[in-house]
Amino acid sequence: MRKAEALPNIHTLKNGVRVVCDPIDGLETLALSVVAGRGARSEDEARSGWSHLLEHMVFKGAGDRSARDIVEVVEAEGGQINAATGYERTSFQIRALKGGLDLGSAVVADLVQRPTMDAGDLAREIQVVGQEIAEAADTPDDHVFEMAQDAAFNGQPLGRPILGTDESIGRADPAALAAWRSELYAPDGLVICASGAVDEDELLALAERDFGGAAGQGASKPVPAAFVGGVRATPKALEQANLVFLLPAVGVRSEAYFALRLYAEILGGGMASRLFQEAREKRGLAYAVDAYSETYADTGVMGVFAGCAAKDSVELAKVAAEEIKGMAAGVQGAELARAKAQLKASMFMAREQPLSRAEQAAAQVLLFDRTLPPGELAAQIDAVEAADIARLGAQMLAPGAAAASILGPKSAMKAGEAFQRALFG
């Protein structure tokens, strides 16, 4: 019998910062993630995009290091440094050789607590992020997802792009952005997690040294999200039509979370999925078609993405709707077993990568105040039955609301309405 994997300990510093050490035997590298449990969803409309802008700004200089010093000091020791901003979390990541925890912790602590916030740097970085916003708008398979998010959660933080707008980021000044930093990276929402070639005593000592003095009052908890639904259609001179269809779903804390993950896998998670087989293999309507789930603390969406010829967009929308309705009618034992195997494989493969483990552990602590044993998660996946999938499918259709976005040739603009008619009549 396989020995159960020991769970990492969770320690809490006096200021509320939580620390997780996850050693992995036999590795010569480590991953350090410092994760703030707040992101773009904590913003009001006037500060839309400030979390992402702040993530950029801290790399312009922090502590006594310049922008160049920050990356050079890490890379000189064989390490890599990165960061990411999401709707509900902001993450700073270090990959390093064994023995690199001391430096990594010191550098990230400066980024999170002591950024320089120079006015000239901010003016330049607003221009850089403006170019990033423009690039996203020029990238169809990025922009179409932003359009769908706006349709699903219009007028709410989840409906706004993480990058913000030129107008909203242009409002930022060093003092206001520094005040936002103290809310976004407040110690009550910080989790420090190290995985790989790490020692627990060393991590705890470094966490106390580098983050024990972290201060600030956290941003208020976001209000619950409400799925609105609607169609966003934008004609653009492209070779293909880009389509996204969304249904309201459950959040990551829901008992139906794994039913949602399995639903998306069966519907369009791979080459054996229903959508791939019907839309691409049988009918040749699209080269790219897949389904996915996106979950937040309190809500989520089930989505379908496709890229197709404009002439096929309405037919593809109808196929997607019919396959979604078919999921509510029931799934077969073989496809459920395949989906479970795929989901468990994905989970265990991620656990073989230190950075994935560190990020996952930090997210679990923020959501559940504990780390979740892989065996427990696998058991929850195995416990999902066909009836659970059907029940979830009916639940997602019950409100009679869907979101759709279409970006491409003018002749594809009716695909969103076609999807809704096929789904709800």
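1. A good place to start is the pair α1 and α4: helix α1 (residues 50–57) packs on helix α4 (residues 119–137) at an angle of about 120°, and their axes are 10 Å apart. Here the axes are lines fitted to C-alpha atoms, for helices over the stretch in contact, with angles running from 0 to 180 degrees between N-to-C directions. That makes α1 oblique to α4; angles under 35 degrees count as roughly parallel, over 145 as roughly antiparallel, 65 to 115 as roughly perpendicular and the rest as oblique.

2. Before going further, please keep in mind that this is a predicted model, in which local features need pLDDT of at least 70 and side-chain atom pairs count only at pLDDT 80 or more, while totals for chains, interfaces and linings use all residues. Residues are numbered from 1 along each chain as its sequence is written, and side-chain values use heavy atoms, with hydrogens and water left out.

3. Back to the first pair: H52, L53, H56 and M57 of α1 meet D121, L122, E125, I126, V128, V129 and E132 of α4, where contact means heavy atoms within 4.5 Å. By class, the residues of this contact are six nonpolar, two polar and three charged. Ala, Val, Leu, Ile, Met, Phe, Trp, Tyr, Cys and Pro count as nonpolar, Asp, Glu, Lys and Arg as charged, and the others, Gly among them, as polar.

4. Next, helix α3 (residues 101–113) and helix α8 (residues 200–211): their axes come within 10 Å and cross at roughly 30°. That makes α3 roughly parallel to α8. On the α3 side the contact is made by L101, D102, S105, A106, V108, A109 and Q113, and on the α8 side by E202, L203, L206, R209, D210 and F211. These divide into seven nonpolar, two polar and four charged residues.

5. The third pair is helix α9 (residues 257–268) with helix α12 (residues 333–350), packed at an angle of about 110° with axes 9 Å apart. The two are therefore roughly perpendicular to each other. F258, R261, L262, E265 and I266 of α9 touch E335, L336, R338, A339, K340, Q342 and L343 of α12. Six of the contact residues are nonpolar, one is polar and five are charged.

6. For the whole protein, you will find 16 helices and 13 strands; helices (H or I, at least four residues) and strands (E, at least two) are DSSP runs, numbered from the N terminus. The C-alpha atoms fill a box of roughly 60 × 60 × 35 Å along the principal axes. With 425 residues, a compact globule would have a radius of gyration near 22 Å, and the 23 Å of the protein agrees with that. The radius is taken over C-alpha atoms, and the globule rule is 2.2 Å times the number of residues to the power 0.38.

7. Finally, the annotation. UniProt, in an unreviewed entry, lists "domain: Peptidase M16 N-terminal" at residues 31–166, a stretch that is 46% helix and 18% strand, with its end C-alpha atoms 34 Å apart. UniProt also places "domain: Peptidase M16 C-terminal" (unreviewed entry) at residues 174–343; this stretch is 42% helix and 24% strand, with end C-alpha atoms 44 Å apart. UniProt positions are given in the numbering used here, feature names are shortened, and annotations may be inferred rather than shown by experiment.
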